[in-house]
Amino acid sequence: MNVARNQARDDGPPAHDGERAVLEAPDINRALTRIAHEILERAKGPEKLLLLGIPTRGTFLARRLADRIEQVEGRPVATGSLDVTMYRDDLRLRPARALGRTDLPEDGVDGRIVVLVDDVLYSGRTVRAALDALNDLGRPKAVRLAVLVDRGHRELPIRADYVGKNLPTSRAETVRVCLAETDQRDAVLLRGGQR
Amino acid sequence: MNRHLLSTADLSRDDALLILDTAEQLSQVSDRSIKKLPTLRGRTVVNLFFEDSTRTRISFEAAAKRLSADVINFSAKGSSVSKGESLKDTALTLQAMGADAVVIRHGASGAPHRLANWLDGSVVNAGDGTHEHPTQALLDAFTMRRRLGDLDGRRVTIVGDVLHSRVARSNVHLLHTLGAEVTLVAPPTLVPVAMGEWPCEVSYDFDAVLPKSDVVMMLRVQHERMNASYFPSAREYSRRYGLDPERLGKMPDGAIVMHPGPMNRGMEIAAEVADSERSTIVEQVTNGVTVRMAVLYLLLSGSEPAIGGNQ
């Protein structure tokens with residue numbers, strides 16, 4: 001996950017050789033619309049929902065999902081962001097890093113159905129950190145996980161409830177998610193592998 | 001690996017902003033019901049205090065504990081120091097006990113620099129003699145930023161015993177780095193001799209500077225370091241350089257009053273001023289914990305520190 005995350009987070013706009021798009025903007029749109037409906041169906045309405053994005057791109061995805069849910073239901077749904085840096089298990093492996101934003105609703109997470117939103121699910125370690133962070137913030141009624149891309153290679157017993165696209169990859173490949181909010185366009189790019 | 005926070009003069013603008021931004025995120029932790037993060041679990045922070053201190057020591061202790069670090073408090077009183085143990089031997093003892101970071105306050109300027117050469121872990125200067133007190137300056141800058149926004153072009157006036165003040169030194173360097181304009185106001189006897197290279201102005205007329213100040217920071221008159229008569233009497237000092245309600249009225253709207261504490265009420269700052277809306281004195285204490293958390297996090301959490309200092 002870390003390789004994928006770094007690639008996804010730190011690179012500039014897409015222009016790399018040997019990268020191919022596995023999802024284009026319309027595909028991402030359709031996937032998010034489907035996930036929004038799935039979340040809504042399972043939660044039986046938006047009242048208790050709280051969409052928590054994991055910075056940076058998870059936050060944007062959570063907002064997009066919230067917009068779609070509001071379009072369908074005509075009522076707003078709570079969103080926020082949850083930075084998990086302080087809970088990561090790989091802090092000592094790399095230099096100390098800047099923190100992302102944590103934004104929670106006034107009344108916190110207690111009793112809510114929290115949907116964690118991230119761009120890529122890989123080792124599962126980020127989600128593990130997010131679960132620990134949530135535990136310190138309160139007691140949600142349930143916690144679910146929505147990701148745009150599941151690329152496999154889990155290192156922990158964690159699975160996503162809502163997946164935009166299952167993308168079989170090798171560990172040598174890198175998955176990069178671009179979103180218009182930070183990268184000028186929407187796309188999921190795959191690079192590397194056997195060459 | 002061997003990185004320390006010894007002086008604000010060592011901090012680049014990026015380093016300083018990283019600390020302040022990190023503190024901004026960490027400030028939310030103080031509002032939660034569980035005020036604890038697991039980040040420094042298993043790390044040991046030693047508070048090595050050779051001088052008296054309440055707020056700084058407690059603040060560092062709270063900061064380390066909120067990050068789940070183990071804290072060992074050491075004060076010179078009642079320790080082997082009173083039996084004549086040298087700083088170096090004390091340092092090596094701490095090293096042998098596995099200290100990952102040492103927070104040191106010492107009466108001698110430069111003691112943290114010496115310590116940094118002897119230890120493998122990080123050294124954080126919590127005030128050395130009349131030299132520097134970097135985390136105080138960081139928390140002051142953090143408090144200003146929260147009240148006033150960006151510090152670029154802000155006019156900060158620091159008033160009082162500049163000669164003996166490590167807080168003034170640290171603030172001058174840090175605020176200059178962050179783009180603020182600093183003016184020091186003090187009786188001529190309490191202005192350091194060799195300050196030609198300090199990036200700030202000096203004035204002897206408090207009333208002339210007041211209307212142009214966004215921030216007025218009052219310094220404590222440090223009786224314990226005054227080994228000569230620097231001013232004729234406490235009353236005269238208070239009249240010329242004390243912040244009373246009348247002077248408060250001359251400050252621009254929105255300007256704030258700061259004091260690093262502990263205060264001599266009635267001496268450099270009137271009680272009404274210290275307790276007024278414009279005073280940030282209590283906020284400064286709260287922010288102190290947050291800023292120190294940010295410093296400990298950035299120095300200790302990763303494989304190498306995110307902020308630089310001299311080796």
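Reader: In what order do the 5 strands of the open sheet in chain A stand?
Author: This is a predicted model, where local features need pLDDT of at least 70, side-chain atom pairs count only at pLDDT 80 or more, and totals for chains, interfaces and linings use all residues; side-chain values use heavy atoms, with hydrogens and water left out. Helices (H or I, at least four residues) and strands (E, at least two) are DSSP runs, numbered from the N terminus. Two strands pair if DSSP finds at least two bridges between them. Pairing in this chain A sheet is parallel, and the order is β3-β2-β4-β5-β6.

Reader: Which are the edge strands of chain A?
Author: Residues are numbered from 1 along each chain as its sequence is written, chains are lettered from A and ligands numbered from 1 in the order in which they are written. An edge strand here pairs on one side only. The two in chain A are β3 (78-81) and β6 (162-166).

Reader: How much does the twist average from one strand to the next?
Author: Angles run from 0 to 180 degrees between N-to-C directions, and axes are lines fitted to C-alpha atoms, for helices over the stretch in contact. From one strand to the next in this chain A sheet, the average is 20°.

Reader: Over how many bridges do β4 and β5 of chain A pair?
Author: Strand β4 spans residues 113-121 and strand β5 spans residues 142-150 of chain A. Val114(A) faces Val143(A) of β5(A) across the pairing. The sense is parallel, and the count of bridges is 8.

Reader: Which strands of chain A does helix α2 lie across?
Author: Contact means heavy atoms within 4.5 Å. Helix α2 covers residues 25-43 of chain A and runs at about 155° to β6(A). The strands beneath α2(A) in this contact are β2 (49-53), β4, β5 and β6.

Reader: By class, which residues does the contact of α2(A) with α3(A) have?
Author: The axes of α2(A) and α3(A) (residues 57-73) are 9 Å apart, at an angle of about 65°. Their crossing is right-handed (near helix turned clockwise from the far one by less than a right angle; anticlockwise is left-handed). Residues in contact include Leu32(A) and Ile39(A) of α2(A), with Leu65(A) and Val72(A) of α3(A). Counting Ala, Val, Leu, Ile, Met, Phe, Trp, Tyr, Cys and Pro as nonpolar, Asp, Glu, Lys and Arg as charged and the others, Gly among them, as polar, the classes are 10 nonpolar, 3 polar and 3 charged.

Reader: How many residues apart in sequence are the parts that Arg191(A) and Glu19(A) tie together?
Author: A salt bridge is a side-chain nitrogen of Lys or Arg within 4 Å of a carboxyl oxygen of Asp or Glu. Arg191(A) and Glu19(A) form one, with the closest N and O atoms 3.8 Å apart. Arg191(A) sits in strand β8 (residues 187-192) and Glu19(A) in strand β1 (residues 19-24) of chain A, so the parts are separated in sequence by 172 residues.

Reader: In which loop of chain A does Thr56(A) lie?
Author: The peptide bond from Pro55(A) to Thr56(A) is cis, with omega near 0°. Thr56(A) belongs to the loop between β2 and α3.

Reader: Why is one side of β7 and of β9 in chain B left without a neighbour in the sheet?
Author: Chain B has an open sheet of 5 strands with parallel pairing, in the order β7-β6-β5-β8-β9. β7 (201-203) and β9 (256-258) stand at its edges, so each has just a single partner strand.

Reader: At roughly what angle do the axes of α5(B) and α11(B) cross?
Author: Helix α5 (residues 134-148) of chain B lies across β5, β8 and β9, at about 165° to β9(B). It passes α11(B) in a right-handed crossing. The axes of α5(B) and α11(B) (residues 281-300) come within 8 Å, and the angle is roughly 115°.

Reader: Which residue forms a salt bridge with Arg32(B)?
Author: The contact between the chains takes 22 residues from chain B and 18 residues from chain A. Buried area, the accessible area (1.4 Å probe) that two parts lose on being put together, summed over both, is about 1700 Å² here, with 55% from carbon and sulfur atoms. Between the chains the count is 1 salt bridge. With closest N and O atoms 3.9 Å apart, the partner of Arg32(B) is Asp136(A).
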